[in-house]
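Trainee: Could we go through this model together, checking each word against its definition? I would like to learn how such labels are given.

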Amino acid sequence: MSDSLRLIEQPEWNALQTHHRTMALCHLRALFAKDPHRAERFTAEAAGWRLDYSKNRINADTVRLLVNLAHACGLPNAIAAMFRGDVLNVTENRPVLHVALRNRSNTPILVNGRDVMPEVRTVLQQMNAFAQAIRRGEWKGHTGQAIRNILNIGIGGSDLGPAMACEALRLYADPHLRIRFVSNVDGAHFYEQTRDLDPAETLFIVASKTFTTQETMMNAATARAWLLARLRDEAAVARHFVAVSTAEREVIRFGIRPENMFRFWDWVGGRYSLCSAIGLPLMIAIGPDRFEEMLDGFHAMDRHFAETPFEQNLPVLMGLLGIWYINFFGAQTHAVLPYSQYLARLPAYLQQADMESNGKSTDRHGRPVAWSTGPVLWGEPGTNGQHAFFQLLHQGTVLIPADFIGFAAPHPDPLAARHHPTLLANFIAQTEALAFGKTADEVRAEPTPEALVPYKTFEGNRPTNTLLADALTPRTFGALIALYEHKIFTQGVIWDIYSFDQWGVQLGKVLAGRILRELEAEPEPPLRHDSSTNALIRRLRGVRPQHS
């Protein structure tokens with residue numbers, strides 16, 4: 001993008017504004033009636049995924065104009081710069097190299113002139129050996145018992161990614177191992193996740209880059225105390241805790257041996273770190289071979305993103321469609337609707353990936369943006385969502401673009417096979433209903449009393465993407481996550497924002513530290529907040545814990 005022209009001043013942006021005035025008057029019914037090959041024309045495939053984006057309020061000119069905008073904003077150069085290892089996280093002076101974590105080729109990836117791939121492979125080998133030792137029962141706890149329970153302690157990207165992935169790939173997990181996650185500083189989370197566990201069979205993975213993250217370290221200290229209250233020997237910590245961190249001194253101080261610290265790098269953002277040592281609980285659950293299949297899927301989508309013309313590039317197309325609705329139709333939210341119970345936590349994972357990345361209001365020159373950026377992302381597995389919020393999607397007053405994610409084959413279970421046709425029928429029917437709706441004349445023909453016709457009429461013209469794979473496997477799962485990562489990257493480049501910092505989460509943390517001291521100090525210190533915050537602090541200071 002030219003430094004002299006802001007996004008909304010670009011000729012390509014203005015061309016889209018003019019085009020939008022035409023497309024806003026078009027209905028999907030008319031677009032499909034006009035072009036019998038529309039579905040074929042607006043379908044693209046890569047890495048085991050088929051994207052049908054024909055049920056969007058677009059035509060060939062829309063795609064051409066959106067692609068022109070991507071080129072004008074420098075997306076090709078930005079993609080090349082990311083894979084090259086250039087500093088793209090400028091406010092923190094770091095490259096953005098999650099793609100190096102799943103680079104399955106022999107191609108070097110350089111940071112400051114040094115190939116990082118040998119380090120990446122070394123950590124993967126360390127993870128492999130450790131995961132195999134746990135899965136084979138060779139890693140013993142302090143009392144000589146094999147480990148059966150893995151508790152990951154982290155927050156944000158150190159929790160959402162592996163927790164979501166372990167649920168998504170549960171079918172491939174060792175049934176003799178229990179993999180659980182603790183993230184919330186609310187003590188109830190730790191209590192409920194450990195209340196039925198034997199400490200002698202439990203291993204904790206503490207995931208914190210600096211080993212100072214407040215929530216994570218409080219939960220880690222609680223885990224340490226829980227373990228020692230039962231095993232009564234400080235030496236037990238070394239057999240029941242490992243760390244994913246870069247802070248060796250803090251890890252050793254905690255009681256974890258340095259050889260049991262799994263490293264990662266500051267050029268990997270937390271929300272993009274699943275393929276790093278942050279994925280250790282997943283590798284333990286599904287095994288190194290399956291984990292590598294997942295990396296293959298990530299890599300396949302990475303190469304597709306880097307090498308495929310934008311007109312057939314799945315992440316680019318999805319990113320551009322999001323911009324079309326957010327910036328030209330005024331959509332403020334985006335729904336992700338996986339028709340798979342295994343992907344139940346995918347919307348929560350993508351909330352962080354998307355909203356922490358592109359929830360920005362300052363451009364790359366330090367100026368306030370004059371256009372909408374990241375949407376509110378939300379969702380729920382189908383068919384649960386159909387009985388919760390689909391009423392709003394179909395007949396509400398707001399436009400909500402949605403991604404429908406499904407799989408042609410059920411997981412290999414007789415019960416699933418019986419249920420799967422019903423699941424797929426709903427998966428397909430909802431996108432048809434959202435696109436085409438139901439006219440008043442169609443309602444009357446049912447027949448329907450005239451007084452009810454307005455209530456049973458569906459406008460339609462609600463846009464959706466359909467993502468379909470043959471089956472949910474480690475490989476297709478990896479490709480799906482990479483697809484969304486690169487969609488987010490695409491949008492950040494076009495919006496001219498930095499997608500890989502997250503300064504917005506810092507202020508609340510700083511204030512929380514101050515307020516914590518004020519809640520615990522005796523006597524009450526001077527309070528210098530606003531009147532509301534002061535009153536809340538005084539109210540909470542006056543409440544003493546009540547125990548039954």
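**Checking the words**

Mentor: Gladly! Let's begin with Thr-466, which is in strand S15 (residues 464–469); strands (E, at least two residues) and helices (H or I, at least four) are DSSP runs numbered from the N terminus. This is a predicted model, where local features need pLDDT of at least 70, side-chain atom pairs count only at pLDDT 80 or more, and totals for chains, interfaces and linings use all residues. Residues are numbered from 1 along each chain as its sequence is written, and side-chain values use heavy atoms, leaving out hydrogens and water.

Trainee: Why is Thr-466 called buried?

Mentor: Its relative accessible area is 14%. Buried means under 20%, exposed means over 50%, and partly exposed is in between (1.4 Å probe, protein chains only). Thr-466 is therefore buried at 14%.

Trainee: How do you know which residues Thr-466 touches?

Mentor: A contact needs heavy atoms within 4.5 Å. Not counting residues up to four places away in sequence, Thr-466 touches Arg-50, Leu-51, Asp-52, Phe-404, Phe-427 and Thr-431.

Trainee: What makes S2 and S15 a pair of strands?

Mentor: Two strands pair if DSSP finds at least two bridges between them. S2 and S15 are joined by 4 bridges and run antiparallel, so the condition is met. One bridge to look for sets Arg-50 against Leu-468 in S15.

Trainee: Which strands belong to the sheet around S15, and in what order?

Mentor: The open sheet has 6 strands, in the order S1-S2-S15-S14-S12-S13, with mixed pairing. Its edge strands are S1 (43–46) and S13 (376–378), each pairing on one side only. On average, neighbouring strands here are turned by 15° against each other, direction ignored.

Trainee: What makes the pairing mixed?

Mentor: Look at two pairs. S1 and S2 (residues 49–52) run antiparallel, joined by 4 bridges, whereas S12 (residues 333–338) and S13 pair in the parallel sense over 3 bridges. Ala-46 stands opposite Trp-49 in S2, and Thr-333 has Val-376 as its bridge partner in S13. The hairpin of S1 and S2 has 2 residues between the strands, and Ala-47 takes a positive phi near 50° there.

Trainee: Now the helices. How do you know that the length of H21 agrees with what is expected?

Mentor: The expected span is 1.5 Å times one less than the number of residues. H21 has 22 residues, so it should span 32 Å, and its end C-alpha atoms are 32 Å apart. H14 (residues 288–307) passes the check too: its 20 residues reach 28 Å, close to the 28 Å expected.

Trainee: Why is H21 called mostly covered?

Mentor: Of its 22 residues, 21 are buried. Just after H21, Asp-496 takes a positive phi of about 60°.

Trainee: How do H14 and H21 meet?

Mentor: Their axes come within 7 Å and cross at roughly 40°; axes are lines fitted to C-alpha atoms, for helices over the stretch in contact, and angles run from 0 to 180 degrees between N-to-C directions. The contact includes Met-294 and Phe-298 of H14 and Phe-477 and Ile-481 of H21.

Trainee: Is Glu-293 of H14 buried, exposed or partly exposed?

Mentor: Its relative accessibility is 29%, which is between 20% and 50%, so Glu-293 counts as partly exposed. Beyond its neighbours within four places in sequence, Glu-293 is in contact with Pro-474 and Arg-475.

Trainee: One more! What makes a group of residues a nonpolar core?

Mentor: The members must be buried Ala, Val, Leu, Ile, Met, Phe, Trp, Tyr or Cys residues joined through side-chain atoms within 4.5 Å. The largest core here has 126 residues, of which Trp-267, Leu-346, Ile-405 and Phe-477 touch the most other members. H21 (residues 474–495) gives the most to this core, with 12 residues. Apart from it lies another core of 25 residues, among them Ala-223 and Leu-227.
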